[in-house]
Amino acid sequence: MGRTLQIRVSAWTFDPTEVEKRWPRLVALGFSPPVLLAQERGVLELTDHLVDRHGMGVLPEPAQQALTGPIRRAGAARERLTAALAEWNARAANTATDDIEEALDEAEQEARKLKLAPGLD
């Protein structure tokens with residue numbers, strides 16, 4: 001890496017509107033009030049919010065129970081992604097992003113079964 005030019009390895013959501021289309025129930029759970037700071041509503045932010053809210057026990061009771069596995073897997077994959085990016089390991093980072101999306105897909109399916117976001121069914 002040069003003294004003036006830096007190299008950065010990162011992951012970000014290209015189109016945040018896709019997050020709302022793909023996981024509408026999770027967005028309702030993860031970004032519902034109180035959200036203290038305005039921020040992007042990307043995949044990583046959604047994952048972080050869900051992990052935090054689950055850990056604090058503030059998700060609605062059916063979600064708190066039913067989404068435990070998928071949310072924990074998404075959180076673990078998020079940690080692997082952060083580590084892989086720090087190590088400039090693009091292959092491991094790609095695997096972690098796939099794992100995050102698969103866990104969120106599973107959580108969305110569970111949320112749909114439980115009708116956790118009224119008005120979306």
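## Core packing and salt bridges in a predicted helical model

The largest nonpolar core holds 27 residues, and L26, L29, L46, L67 and L104 touch the most other members. Two or more residues of this core come from each of α2, α3, α5 and α6. Helix α6 gives the most, with 7 residues. In soluble globular proteins, nonpolar side chains tend to be buried together.

The model is predicted. The chain averages a pLDDT of 90, and 91% of the residues score at least 70. Confidence is lowest in α4, with a mean of 92, and highest in α5, at 97.

**Contacts of L29**

L29, one of the core residues that touch the most other members, can be described through its contacts. Leaving aside residues up to four places away in sequence, L29 touches L50, R53, L59, P60, A63, L67 and L116. Among these contacts is L67, which is itself named with L29 among the residues that touch the most other core members.

**Helix α5**

Helix α5 comprises residues 68-86. Its 19 residues reach 27 Å from the first C-alpha to the last, close to the 27 Å expected at 1.5 Å a residue. The buried residues of α5 are T68, P70, I71, A74, G75, A77, L81, A84 and L85. Their cover includes α3 (43-56), α4 (61-66) and α6. After α5 comes W88, which has a positive phi near 60 degrees.

**Salt bridges**

A search of the whole structure finds 8 salt bridges. Side chains of opposite charge can pair when their charged atoms come close. Three of the pairs are set out below, each with the separation of its closest N and O atoms.

| Basic residue | Acidic residue | Closest N and O atoms |
|---|---|---|
| R25 | E108 | 2.9 Å |
| R80 | D99 | 2.6 Å |
| K113 | E110 | 3.3 Å |

R25 pairs with E108 at 2.9 Å. R25 lies in helix α2 (residues 24-30) and E108 in helix α6 (residues 90-113), so the pair ties together parts that are 83 residues apart in sequence. Both partners fall under the 20% cut-off for burial: R25 is buried with a relative accessible area of 4%, and E108 is buried with a relative accessible area of 2%.

The bridge between D99 and R80 has its closest N and O atoms 2.6 Å apart. Because D99 lies in helix α6 and R80 in helix α5, this pair ties together parts that are 19 residues apart in sequence. D99 is partly exposed, with a relative accessible area of 26%, and R80 is also partly exposed, at 41%.

K113 and E110 form a salt bridge with a closest separation of 3.3 Å between N and O atoms. Both residues lie in helix α6, where they are 3 residues apart, about one turn of the helix. K113 is exposed, with a relative accessible area of 62%, whereas E110 is partly exposed at 23% relative accessibility.

Beyond these pairs, which residues are linked in a network of salt bridges? The network links R22, E101 and D105.

**The place of α6**

Helix α6 recurs in this account. The helix gives the most residues to the largest nonpolar core and is included in the cover over the buried residues of α5. Helix α6 also holds E108, the partner of R25 from α2, and D99, the partner of R80 from α5. K113 and E110 both lie within helix α6.

Conventions
Residues numbered from 1 in each chain as written. Predicted model: local features only at pLDDT ≥ 70, side-chain atom pairs only at ≥ 80, totals over all residues. Heavy atoms only, no water. Salt bridge = Lys/Arg side-chain N within 4 Å of Asp/Glu carboxyl O. Helix = DSSP H or I, 4+ residues; strand = E, 2+ residues; numbered from the N terminus. Buried < 20%, exposed > 50% of the residue type's maximum accessible area, 1.4 Å probe, protein only. Expected span 1.5 Å × (residues − 1). Contact = heavy atoms within 4.5 Å. Core = buried A, V, L, I, M, F, W, Y, C linked by side-chain atoms within 4.5 Å. pLDDT = per-residue confidence, 0-100.
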